[in-house]
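Visitor: Please choose one part of this structure and take a close look at it with me. Then set that part in its surroundings.

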Amino acid sequence: MPVGKTGEELSSFKQIDWDSMTFSNNLVFLEVMKNKELCKHLIEHVLHIHIREILYLETDKSISVRIDSKRIRLDVYVKDENDTVLDIEMQTTGPNSTVYRGTDEETVLRELPLRTRYYQSLASMDMLHRGMTYNELRKSYVIFICTFDPFGEGLPVYHFTYRCKENNALEMQDLTENIFLNARAADKTDDKELSAFLSYVNGNKPESEFTRTVDKETARVKDDELWRARVMTWEMDQKIMQKRYYQQGEKSGEMKKSLEIAKTLLKDGMPVEKIARITNLPVEEVAALA
């Protein structure tokens, strides 16, 4: 039995449906992208960002510049031979975003632009150390691979750079770019590599040599007993920490008030996701009250 976990906590842990997990599942994506060749192909042939060699690759990288600042965990953090930094994120909503938990699409859509702003700022601060000059900042990309349309325009790719409002051809040249891929628009591009990749992320069968290779690696990862053990340990820790936190919180008047509000809103027929946002309770916690 893992240290610090009670029998009751372990017995409440649900069995993971490994077969339902796909490449777009965040934990699968992290493991598959540890393969440098696959990661390099994604960057060069799907995103069309030229790199000669990946010198540094870390998944689930944690960055925090101050003790009291919000810590972020980046999915896939890559540096090339020119110290260009690329942060590649898989963005999925619903219950399969990791293993159980999901965030409603409306919340994700609202947060994505603000998240890129914060990620870019922390990446820059992580890049620039004491005594260095601003000229030593290197190119940085934040790339979101979305299983939904992040801006509702039906485009397969949304590529943002800072531009002058008075002269749209004038770029700011701050060396930051934000790219959003829309898996729902796989048929809206003539780029065969991109189309095949987006279609695969959207849950369809692999159509290209690259996606077939990714699919084989995905299958290998899901069957890896050591990886499964890490996922189960991570997920169990998350669930137990969340449960313990809210068990402690139930003693406070604030938590009791949130639960009462949630019960009232449920009786009024309000959707569970919306109640969770209003009360700051987990979706699972609200659903359990129904």
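Guide: Contact here means heavy atoms within 4.5 Å. The model is predicted: local features need pLDDT of at least 70, side-chain atom pairs count only at pLDDT 80 or more, and totals for chains, interfaces and linings use all residues. Residues are numbered from 1 along each chain as its sequence is written, and side-chain values use heavy atoms, with hydrogens and water left out.

The part to look at is helix 5, residues 192-201. Helices (H or I, at least four residues) and strands (E, at least two) are DSSP runs numbered from the N terminus. The protein chain has ten helices and six strands.

Helix 5 is largely enclosed by the rest of the structure, because eight of its ten residues are buried. Buried means under 20% relative accessible area, exposed over 50%, and partly exposed in between, with a 1.4 Å probe and protein chains only. The buried residues of helix 5 are Leu 194, Ser 195, Ala 196, Phe 197, Leu 198, Ser 199, Tyr 200 and Val 201. Across the protein chain, buried residues make up 43% of the 290 residues.

What encloses the helix can be listed. The buried residues of helix 5 pack against two helices, helix 3 (36-46) and helix 6, and against strand 3, strand 4, strand 5 and strand 6 (176-182).

Take strand 5 from that list. Strand 5 covers residues 157-160 and includes Val 157. With neighbours within four places in sequence left aside, Val 157 is in contact with Leu 194, as well as with Ile 179, Phe 180 and Leu 181. Leu 194 is one of the buried residues of helix 5. Val 157 itself counts as partly exposed, because its relative accessibility is 29%. Phe 180 is 23 residues away from Val 157 along the chain, yet their C-alpha atoms are separated by 5.7 Å.

The loop between strand 5 and strand 6 holds Leu 170 and Leu 175. Leu 170 is partly exposed, with a relative accessible area of 46%. Beyond four places in sequence, Leu 170 is in contact with Tyr 162, Arg 163 and Cys 164. Leu 175 also counts as partly exposed, at 35% relative accessibility. The phi of Leu 175 is near 70°, a positive value in a residue other than glycine. Most residues other than glycine have a negative phi.

On the other side in sequence, a loop joins helix 5 to helix 6 (209-223), and Lys 205 lies in that loop. Lys 205 counts as exposed, because its relative accessibility is 69%. Between Lys 205 and Asp 215 there are 8.7 Å from C-alpha to C-alpha, for two residues ten apart in sequence.

Helix 6 contains Arg 212, which is partly exposed, with a relative accessible area of 43%. Not counting residues up to four places away in sequence, Arg 212 touches Pro 206 and Glu 207. The C-alpha atoms of Arg 212 and Ala 196 are separated by 9.8 Å, the two residues being 16 apart along the chain. Ala 196 is among the buried residues of helix 5.

Strand 3 and strand 4, which the buried residues of helix 5 pack against, also take part in a cavity lining. Strand 3 (85-91) and strand 4 (140-146), along with strand 2 (72-80) and helix 4 (105-127), each supply at least two residues of the lining of the largest cavity. A cavity is a set of points, on a 1 Å grid over the protein atoms alone, where a 1.4 Å probe fits but cannot get out; lining residues have an atom within 4 Å of a point. The search of the whole structure finds one cavity of 30 Å³ or more, and about 50 Å³ of space lies in the largest cavity. Its lining includes Val 85, Asp 87, Ser 140, Tyr 141 and Val 142.

A last point concerns confidence. The predictor's confidence in each residue, pLDDT, runs from 0 to 100. The protein chain has a mean pLDDT of 84, and 82% of its residues reach 70 or more. Over residues 7-13 pLDDT stays under 50, and the model has 14 contacts for them beyond four places in sequence. Where pLDDT is low, the predicted coordinates should not be read in detail.

Note on methods. 1 Å grid on protein atoms, 1.4 Å probe; cavity = no way out; pocket = protein on both sides within 12 Å on 5 of 7 lines; lining within 4 Å. Points joined across faces, edges and corners; volume = space filled by probe spheres on them.
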